[in-house]
Amino acid sequence: MRKGLFLFVLLFIVCGLRLSSSNKFVVVIDAGHGGKDPGAMRGQFKEKDINLGVALALGQLIEKNLDDVKVVYTRKSDVFIDLDRRAQIANKAKANLFISIHTNSTEAKSTSASGADTYILGLARSAENLAVAKRENSVILYEDDYQTKYEGFDPNKPESNIIFEFMANKYMEQSLQFANYIQKNFKDVARRIDRGVRQAGFLVLRKSSMPSVLIELGFINNDAEARYLSPNLGQRAMATSIYSGLKKYKLDFDKKRPSANNNKSRSEY
């Protein structure tokens, strides 16, 4: 009798945990580059390190303060992850949001350009946006058999971007909403220059099946910005800005969820 009761209680707990987990809002945090792919570099500064620092700080803020949010990382250390694998991780996790974190740069050794911007998936309408997408998409050149994996896409050929011209992004509205929240907080919380929300053709966003954004934290070849983004203090400020945008986006998301409306209806009776 006791054994049967014990098994019943254990089954009840396991089922409850599974149900609780399935109801959580899932965020996949992608620290761009890593391992053999350093990303943009200027002197002692490496993009892959800045990206990872902000990604981990963001994840810690979420895990500490939002019990109903599950965080999944594409990487938590200095390792190389194929571009399509990053999107696969998000798709497998059935994520509600995909956040890819990067650090900007220009071709020049140094630049006066500064500020943070957030990209959503779309066709690049300016040479600057196209250059950013080309740089981020060139990560696939580190991968084996990239031409087969990415259906002949070549980041060095502008005509390859035609694939983004005819692509319907059904998550554009949600992605744009989240991106706007992030940019507002970069300005209000981190006190960074707001470069706005932009569109460009990023392979990592194209492969993800949920609202998604790609963030450029600042310019690594702007010495002042690189120094701001490298210490924990600057990374924490940027992570806090993204976290604040996430909280507002999730608040809107919860209001639209059927479960939230059902709970509200029950409480009114």
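**View 1. The largest cavity holds about 50 Å³ of space.** The model shown here, as in every view, is predicted. The lining of the largest cavity consists of Asp 30, Gly 32, His 33, Leu 83, Arg 86, Ser 100, His 102, Glu 136, Val 139 and Val 204. Two elements, α3 (83-92) and β5 (97-104), each give two or more residues to this lining. By class, the lining has 3 nonpolar, 4 polar and 3 charged residues. A search of the whole structure finds 2 cavities of 30 Å³ or more. The other one is the subject of the next view.

**View 2. The second largest cavity encloses about 30 Å³.** Its lining is made of Leu 83, His 102, Glu 136, Asn 137, Phe 202, Leu 203, Val 204 and Leu 214. Here α4 and α7 (203-206) each supply at least two residues. The lining divides into 5 nonpolar, 2 polar and 1 charged. Some names recur from the first view. Leu 83, His 102, Glu 136 and Val 204 line the largest cavity, and these four residues also line the second largest cavity.

**View 3. The largest pocket offers about 330 Å³ of space.** It is lined by 16 residues. Nearest the centre of the pocket lie Ser 105, Thr 106, Glu 107, Ala 131 and Arg 135. The elements that give two or more residues to this lining are β2 (41-42) and α4 (127-137). Helix α4 gives the most, with 5 residues. By class, the pocket lining divides into 6 nonpolar, 5 polar and 5 charged residues. Rolling a probe the size of a water molecule over the atoms shows where empty space is left.

**View 4. An open sheet is formed by 6 strands.** The strand order is β4-β1-β5-β8-β6-β7. The pairing is mixed. Which strands stand at the edges? They are β4 (69-73) and β7. Each has a single partner strand, so one side of each is left without a neighbour in the sheet. From one strand to the next, the twist averages 25°.

**View 5. Strands β6 and β8 pair in the antiparallel sense.** The pair joins residues 116-121 of β6 with residues 212-219 of β8, over 3 bridges. Tyr 119 has Leu 214 in β8 as its bridge partner. Leu 214 also appears in View 2, where it is one of the residues lining the second largest cavity.

**View 6. Helices α3 and α6 pack on the sheet.** Helix α3 touches β1 (25-31), β4 and β5. The direction of α3 makes about 170° with that of β1. Helix α6 touches β5, β6, β7 and β8. The direction of α6 makes about 175° with that of β6. Strand β5 is touched by α3 and by α6.

**View 7. Asp 145 has a positive phi, near 55°.** Most residues other than glycine have a negative phi. Where is Asp 145 found? Asp 145 lies in the loop between α4 and α5 (146-149).

**View 8. Arg 191 also has a positive phi, near 60°.** Arg 191 is a residue other than glycine. The loop that holds Arg 191 runs between α6 (172-188) and β7 (194-200). Is Arg 191 buried or exposed? Arg 191 counts as exposed, because its relative accessibility is 65% and exposed means over 50%.

Methods
Residues are numbered from 1 along each chain as its sequence is written. This is a predicted model: local features need pLDDT of at least 70, side-chain atom pairs count only at pLDDT 80 or more; totals for chains, interfaces and linings use all residues. Side-chain values use heavy atoms; hydrogens and water are left out. On a 1 Å grid over the protein atoms alone, a cavity is a set of points where a 1.4 Å probe fits but cannot get out, and a pocket is an open set with protein on both sides within 12 Å along at least five of seven lines; lining residues have an atom within 4 Å of a point. Grid points are joined across faces, edges and corners, and a volume is the space filled by probe spheres set on the points. Helices (H or I, at least four residues) and strands (E, at least two) are DSSP runs, numbered from the N terminus. Ala, Val, Leu, Ile, Met, Phe, Trp, Tyr, Cys and Pro count as nonpolar, Asp, Glu, Lys and Arg as charged, and the others, Gly among them, as polar. Buried means under 20% relative accessible area, exposed over 50%, partly exposed in between (1.4 Å probe, protein chains only). Two strands pair if DSSP finds at least two bridges between them. Axes are lines fitted to C-alpha atoms, for helices over the stretch in contact, and angles run from 0 to 180 degrees between N-to-C directions. Contact means heavy atoms within 4.5 Å.
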